[in-house]
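Please look at the sequence and the model shown here, and keep both in view while reading the report that follows.

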Amino acid sequence: MPKTPQARESSYISQSEVPTRRSGSTAMATTPGPLPPARPPPARPPPPFPLSLSTPPTVRQESCARRRSCHCRPDSAAASVDPMNAQNVTVIGLGQMGTALADAFLAAGHRTTVWNRTPGKADALVARGASRAASVEEAVAASELVVVCVLDHPAVRALLAPVAGRLRGRVLVNLTSGSPEQARAEAAWAAGHGIGYLDGAVMTTPPGVGDSANMILYAGSPELLAAHRATLAVLGDPVDLGPDAGLASLYDAGLLGLMWSVFGGWLHATALAGADDVPAREFTAVATRWLRTVSWFMTGYAEQIDAGEYPGADATIDVQVAAIGHLLHAGEARGIDGRLPELHLDLMRAAVEAGHGGDSYARIIEAFRK
């Protein structure tokens, strides 16, 4: 197909050889050859998502004046608890996330005590039935289950160290963002004071708290999580990562990195399609369906990574090196920034040059481990 007038000469060649950049006076083909398949068709359709992802609970559409858009929130009848099973819960820290956590406990019918350094931040919650604690000590004394969500781990320690005696025998759920090392240090501190400890990561933004389709990751004592699962489930689906208190923070960091990578790839692809007047909404409808297939491949690649073997039965790296050349050519022709796919190409080329061109894409993990 002839190039459009605005198209620039591509720096990549067809799939017949590993593409290399233009260097000196060496001429490269200006148009890639036929696009090879990035993968053969799956032998069977991708399996459905796990039940927890594919069958969300009954929800109602809620429009809130405090938010810019509607969000699916659990139906109030489904989220509420029997008054006989209502628990005393304390929430310390009423930023956007802490307020959402307290609001979810209240909506479910739990007796909720709140504290914030700025007392006025509790006003709306108190108007909906929360009890305002005058001090951290009073807040801790009010409940067996104490949830803290503040700026960082040093702030957690500064608030709770003076009331460690009051916390003895209670369960502390720390939903403050931090590093795995900080979480493990807090767990050790809590154990030294006879405090039950769970470290957690909220895998949604404040408007998503209270929707069981969203995950809340927990690490620490599985027995404590089991004992309080019903109460914590009103915040989101509790995912038990096991006894290592650092794993919730570790997963949180990794999953956020995955999110940013997906966002970056989606934005690059949407810009590419948009250059030919494809609306973002139309492209995204196809892209989200494609991500289901991508997740299927990730599941298979995870098995290869754990085994340390990377058979290229679905699609080899050298074939994908050729395919990404077409992406770069299309981007160059439309004036789209190519830094993101160029990074992928650099990683693929390194694997090919190391003799792993016949392996699956999962082999690229070795580049990140160095």
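## A bridge between R132 and D123

In this predicted model, R132 counts as partly exposed because its relative accessibility is 37%, a value that lies between the limits of 20% and 50% that set the buried and exposed classes apart. D123 is also partly exposed, with a relative accessible area of 42%. The side chains of these two residues, R132 and D123, meet in a salt bridge, in which nitrogen and oxygen are 2.9 Å apart.

## Further salt bridges

The count of salt bridges in the model comes to nine, and another one of them joins the side chains of R166 and E137, with an N to O distance of 3.4 Å. This pair links distant parts of the chain, since R166 belongs to helix α7 (residues 164–167) while E137 belongs to helix α5 (residues 136–141), and the two residues are 29 residues apart. R166 is partly exposed at a relative accessible area of 41%, and E137 is likewise partly exposed, at 40% relative accessibility.

A salt bridge is also found between the side chains of D337 and R339, where the distance from N to O is 2.9 Å. Here D337 has a relative accessible area of 42% and is therefore partly exposed, whereas R339, at 63% relative accessibility, counts as exposed.

## The loop residue V150

V150 is located in the loop that runs between strand β6 (145–148) and helix α6 (153–160). Leaving aside residues up to four places away in sequence, V150 touches I92, G93, A155, V156, L159 and T176. The C-alpha atom of V150 is also 8.2 Å from that of S177, although the two residues are 27 residues apart along the chain.

## Helix α8 and its surroundings

How does the span expected for helix α8 agree with the distance between its end C-alpha atoms? Helix α8 (residues 180–192) has 13 residues, so at 1.5 Å a residue it should span 18 Å, and its end C-alpha atoms are indeed 18 Å apart, which agrees.

Which residues of α8 are buried? They are P180, A183, E186, A187, W189 and A190, and the elements that cover these buried residues include the helices α6, α7 and α10 (247–274), together with the strands β7 (171–174) and β8 (196–202). Just after α8, the chain reaches G194, which takes a positive phi of about 70°.

Terms used
Residues are numbered from 1 along each chain as its sequence is written. This is a predicted model: local features need pLDDT of at least 70, side-chain atom pairs count only at pLDDT 80 or more; totals for chains, interfaces and linings use all residues. Side-chain values use heavy atoms; hydrogens and water are left out. A salt bridge is a side-chain nitrogen of Lys or Arg within 4 Å of a carboxyl oxygen of Asp or Glu. Buried means under 20% relative accessible area, exposed over 50%, partly exposed in between (1.4 Å probe, protein chains only). Helices (H or I, at least four residues) and strands (E, at least two) are DSSP runs, numbered from the N terminus. Contact means heavy atoms within 4.5 Å. The expected span of a helix is 1.5 Å times one less than its number of residues.
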